[in-house]
There are 2 protein chains.
Amino acid sequence: MSKEITSRSTDYSQWYNDLVIKGGLADYSAVRGCMVIKPYGFSLWENMRDALDKMFKDTGHVNAYFPLFVPKSLFEAEEKNAEGFAKECAVVTHYRLKADPSKKGALMVDPEAKLEEELVVRPTSEAIIWNTYKNWIQSYRDLPLLINQWANVVRWEMRTRLFLRTAEFLWQEGHTAHATAKEAVDETVQMLNVYADFVENWMALPVIKGIKTENERFAGAVDTYCIEALMQDGKALQAGTSHFLGQNFAKAFDVKFSDKENKLDYVWATSWGVSTRLIGALVMAHSDDEGLILPPKIAPLQVVIVPIYKGEEQKARIDEKVLELVKQLKALGVRVKYDDNDNSRPGWKFAEYEMKGVPVRVALGLRDLENNTVELARRDTKEKQSVSMDGLPERIAALLTEIQQAIFNKALEYRNSHITTVNSWDEFLSTLNDKGGFISAFWDGTSETENAIKEKTKATIRCIPLDNPLEEGVCVFSGKPAKQRVLFAQAY
Amino acid sequence: MSKEITSRSTDYSQWYNDLVIKGGLADYSAVRGCMVIKPYGFSLWENMRDALDKMFKDTGHVNAYFPLFVPKSLFEAEEKNAEGFAKECAVVTHYRLKADPSKKGALMVDPEAKLEEELVVRPTSEAIIWNTYKNWIQSYRDLPLLINQWANVVRWEMRTRLFLRTAEFLWQEGHTAHATAKEAVDETVQMLNVYADFVENWMALPVIKGIKTENERFAGAVDTYCIEALMQDGKALQAGTSHFLGQNFAKAFDVKFSDKENKLDYVWATSWGVSTRLIGALVMAHSDDEGLILPPKIAPLQVVIVPIYKGEEQKARIDEKVLELVKQLKALGVRVKYDDNDNSRPGWKFAEYEMKGVPVRVALGLRDLENNTVELARRDTKEKQSVSMDGLPERIAALLTEIQQAIFNKALEYRNSHITTVNSWDEFLSTLNDKGGFISAFWDGTSETENAIKEKTKATIRCIPLDNPLEEGVCVFSGKPAKQRVLFAQAY
């Protein structure tokens, strides 16, 4: 079989790439670090996007669209943000190509078409958006401004991986403006909760909510809130971030509003985003050595029906039953496909849909017709059983709900059994080496210690969990006094 | 009132800009030629996009996503396409900025981060997509490949106008691959029909379907099919194009497939697109001197309800009625807003929603409550009437359908009365000057004549209508023999 997948135990990283490529989610492209999102992968993204978009709208946000390009002078305006992204940005310098006289059919940059000011391809849109908000905000009546954008962004990463880290990726970025710091912080936390809700209830992936340390903070933020998930190899993955930006961007772009007492003040800001990176998290968290395992709520296809027959006459009898079943499933809102393609055999189809992570497979042949049964197989547990056709649509709908929960529970159990509390540096190292996962340890609160630990172990502080209890302790690395435990892990 | 709009008769062009800006559809940006699509405008685009997306999927297409950048060597590969777009493309040459030592806080392009190969920001994606299709297509079993992409593209236009011509715009581009020329032509025509269906039945804008002359053909196409609409100033606007690309791109990128007899042949291609330009067409075709007029099927808001009251007690009584009405309208799928914002007066609201083109306005005060009536006003005809609250939701739903049809009929009547058949050059000129619109005239079939007419009058051949009858005639300009009439017009 050409679609063989490397097993997780052989090479986790190759297993991941195999799933993404052979599962039909994405492909490499001719552009360094950029990928093609294939139709099956894009359909998954559409389901994720639509669910998120509804959650954004339900919390009062509207969509808009801002330019792809950020003029260099705007890009520079918020110093920390500029510094953070300058190292990895694509820069447009010219607006025309012309025939290259040295080579027939070739083009070259036209030196006469040099831009007066270079344009940065947005790595994130705070600068261009806050430069626009300046014109939209005068008074407290214009606030809050609750805008989201679905867009592509470019960060010139040197080491890229499909979905997890690509030079161009798709994401949404919310950018809100508020009259008070409290309102902005509330918004930041609200959107973190929206992300956690989405990742847990749609992607079936448990997350830990927390705050980043200064080292890991978004460039230009006062505080970065995050959700962290755990992959099957024991590494963590940052699944979404929500930033309280204080008045940093308002000051950089001079965005003031007059309050009810007619007093001028700078506007308070948030921004928050999740990206196609989530697809990478989804693949790594749930799938197995046979292929993808997709949670039903976002799976492009929830049910596939495969007929097993010889000849037209048998096919016609199966068709009759199946077309009725398809109709009933669609009426229940189930995404179902009847794969009666004659070019491939049932066994090939079974393997193909297993690879693609379709949650439920229904197979039926002549014997089933006679017994009024079908074979029902679930992808996550690989359980198969023969069940009656009576009440089958409802049974399948219920099974989809059950599978969604089972996938979450499995991931939760794995995650919970991979949070280890350690009290010594030896324990820290042995846990990291033997088991991976999150390590809960006292930290003295300094960047110096954080950097030293990263240097020695590649583990970083993933977050300071929200509502973390303050306790007296001793830093696991420096031995200095510490006020709380934080979560360390190696991460994607 | 700060929102006054220039009238069409005073300055049509300024009227258009006023509507776009003051109607809340878009705003200028800090980036030359790029615009910001504001939330109200974006909501309109979302409705258009969702309707189109469903039509694409219903005709068997799936979405995917390809990189924003096209490496120069791929961009060059299809010679005509490259030549057509080289003059107006944004080029990324560097991947990093660094601190500018000559100015504190400033950044400069890092000369050490020069790309080995320049990247063109996609002006259209044939090159990057066909370079990918090469890996996806081996056999006739891989065909047809029916893929669409929603994306941003960049064309460095020198003279830009909001929505109509911007350096960056949003669009969809379909790119399909087929085993035979006939199949590809059928697809080209099918998608033209999808566009015509959408523009007529959703945007309420009648179109003429036709084929472009060689002069106006898409760079790299064998044939460009188009739909042409007419604006209120008598100018035409190309509302969508569908291209039969022959084997041009398959040859440029060496994409071959083996047919059922195992014979290798180049793949046949189509591409087709519509863009945010359609919003410009929508604004110019239907609106009036008071503001936008939006067809109900795509209007972000279909009904607005404005209460007229003094004091809390009256408000409470109105609220009770309105909240019930809102619930009933929503149950019918109507997009409705109850604007009970206390900060602005009813008169201001009336003007605001008129400006924004909300199709139906419901107003009610205490007298109405007593009489069990509301005031129902339609935006397109400005008719107002007092109607009973009994059966009101159904009445409003029916009215929305009626308005959709009325807007289309009005545009159709205007369009039909602005197609003038002329038989002499004098008639051609006087029609163009006095009346505008489409001019149906014999043309000798040469680019020479087409160019000369364009030079003298700025009128171009908008299209050769589909199923145009062949008749003997004399070219309106050259006096040479002609085989058919074509449609001329000045155009956006």
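**Chain A and its two-fold partner**

Visitor: Where do I start with the contacts in chain A, say between residues at least 6 apart in sequence?

Guide: Of those contacts, 68% join residues at least 24 apart. Keep in mind that this is a predicted model.

Visitor: Okay. How many helices and strands in chain A?

Guide: Chain A has 14 helices and 27 strands.

Visitor: And what does the C-alpha trace span?

Guide: About 80 × 70 × 55 Å along the principal axes of chain A.

Visitor: What share of the residues in chain A is buried?

Guide: Chain A holds 492 residues, and 60% of them are buried. Buried here means under 20% relative accessible area.

Visitor: How much area does chain A expose, then?

Guide: About 20,400 Å². Carbon and sulfur atoms supply 47% of that area.

Visitor: Switching to charges. How many positive and negative ones in chain A?

Guide: There are 62 positive and 70 negative charges. Their mean positions lie 3 Å apart.

Visitor: Now the two chains. What turn lays chain A on chain B?

Guide: A turn of 180°, with a shift of 0.0 Å along the axis. The RMSD is 0.0 Å. That relation is the one a two-fold axis gives.

Visitor: Which C-alpha of chain A is nearest the axis?

Guide: That of Val92(A), at 2.1 Å from the axis.

Visitor: And what share of the contact residues of chain A recurs in chain B?

Guide: 100% of them. The same surface serves both copies.

Note on methods:
Residues numbered from 1 in each chain as written. Chains lettered and ligands numbered in written order. Predicted model: local features only at pLDDT ≥ 70, side-chain atom pairs only at ≥ 80, totals over all residues. Heavy atoms only, no water. Least-squares fit on C-alpha atoms with pLDDT ≥ 70 in both. Contact = heavy atoms within 4.5 Å. Helix = DSSP H or I, 4+ residues; strand = E, 2+ residues; numbered from the N terminus. Buried < 20%, exposed > 50% of the residue type's maximum accessible area, 1.4 Å probe, protein only. Areas by Shrake-Rupley, 256 points an atom, 1.4 Å probe, with all protein chains shown as cover. Lys, Arg positive; Asp, Glu negative; His and termini not counted. Charge placed at Lys NZ, Arg CZ, Asp CG, Glu CD.
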